Amino acid sequence: MNEELLNFYENCKLGVAVYKRLSENNYEFVYYNPSGKMMDGVEGLDVIGKKVHEIFPNVFEFGLIETLERVYKTGTPSEMPIKGYVVDSETTLYRTNRVQKLSCGLIVSVYSDESKLFSYINKIENENAVLTRALDYTSHNLRGDLSTSLGVFELFETVDVSPEEKYTLLKVVKDNLEKIDIKIHRLVRLLSKGISVKN
């Protein structure tokens, strides 16, 4: 790699790793820029000359080696969409990679940290799930009381109702409206906490 390209990689905010193919599915680091080391949590480690799977044991599950092989054999650049690399039970690194073969035979991967984006996607999915449960709750728990109350008013319009029956039916409407009010307050509390709605 020429000096100008190395200088660009050194100052690039994206992660850049360059690999040499030793044999099938077996690659070693020949370059790793500071941004890449920082986002991957390997600052201070001497990784040059080390095999990729020695530094990142779960790299095969991640799919990077498979992509490196494909690019090495075909010479066609390839993009890996956002995917998680599992470091341990508590840490997953989310990355998108663009992999390209250089004329000298080395493979370059330029990648970005998508952990924030993934957390936003996760948050949106969780919020959508909460909203879906809220809509189900509204449909099953509020509409019944509302429909019953509307039915009472329709009855008043079509049938002569005695004062005693009217009083009883209006009490049903009042009770239903109180239930609706309680359920709406509960729904608002549940939505604000972002927890699942239970009947």
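1. Two strands are said to pair if DSSP finds at least two bridges between them. By that rule E3 and E4 pair, for 7 bridges join these two strands, which run antiparallel. The model discussed here is a predicted one. Within this pair, Tyr 85 has Leu 93 in E4 as its bridge partner. The connection from E3 to E4 is a hairpin of 5 residues.

2. The wider arrangement is an open sheet of 5 strands, in the order E2-E1-E5-E4-E3, with antiparallel pairing. E2 and E3 (78-86) stand at the edges with a single partner strand each, so one side of each has no neighbour in the sheet. From one strand to the next, the twist averages 35 degrees. As general background, strands of a sheet pair through backbone hydrogen bonds, either parallel or antiparallel.

3. Strand E1 may be considered with both of its partners. To E2 it is joined by 6 bridges, and the two strands run antiparallel. To E5 (residues 107-113) E1 is joined by 5 bridges, again in an antiparallel pairing. Particular residues illustrate these pairings: Lys 20 has Glu 28 in E2 as its bridge partner, Ser 23 is bridged to Asn 26 in E2, and Tyr 19 stands opposite Ile 107 in E5.

4. The turn between E1 and E2 deserves attention. Which residue in the hairpin of E1 and E2 takes a positive phi? The residue is Asn 25, with a phi near 60 degrees, in a hairpin that has 2 residues between the strands. Most residues other than glycine have a negative phi. Asn 25 has a positive phi although it is not a glycine. Its place is in the loop between E1 (15-23) and E2 (26-32). Asn 25 counts as partly exposed because its relative accessibility is 32%, which falls between the limits of 20% and 50%.

5. Two helices should be viewed against the sheet. Helix H1 (residues 3-11) lies across E1, E2 and E5, and runs at about 85 degrees to E2. Helix H5 (residues 64-74) packs on the sheet and touches E1, E2, E3, E4 (92-101) and E5; its direction makes about 5 degrees with that of E4.

6. The interior contains a largest nonpolar core of 22 residues, in which Tyr 19, Phe 29, Leu 64 and Leu 68 touch the most other members. Two or more residues come from each of E1, E2, helix H4 (59-62), H5, E3, E4 and E5. H5 gives the largest share, with 4 residues. Leaving aside neighbours within four places in sequence, Tyr 19 is in contact with several residues, including Phe 29, Val 52, Leu 64, Leu 68 and Ile 107. Apart from the largest core lies another, of 7 residues, among them Tyr 9, Val 16, Tyr 31 and Val 108. In soluble globular proteins, nonpolar side chains tend to be buried together.

7. The cysteines merit a final comment. Is Cys 12 buried or exposed? Cys 12 counts as buried because its relative accessibility is 11%, which is under the 20% limit. Cys 104, by contrast, counts as exposed because its relative accessibility is 51%, which is over 50%. How many disulfides are there? The count comes to 0 disulfides, where a disulfide requires a pair of cysteine sulfur atoms within 2.5 Å.

Notes. Residues are numbered from 1 along each chain as its sequence is written. This is a predicted model: local features need pLDDT of at least 70, side-chain atom pairs count only at pLDDT 80 or more; totals for chains, interfaces and linings use all residues. Side-chain values use heavy atoms; hydrogens and water are left out. Buried means under 20% relative accessible area, exposed over 50%, partly exposed in between (1.4 Å probe, protein chains only). Axes are lines fitted to C-alpha atoms, for helices over the stretch in contact, and angles run from 0 to 180 degrees between N-to-C directions. Contact means heavy atoms within 4.5 Å. A nonpolar core is a set of buried Ala, Val, Leu, Ile, Met, Phe, Trp, Tyr and Cys residues joined through side-chain atoms within 4.5 Å.
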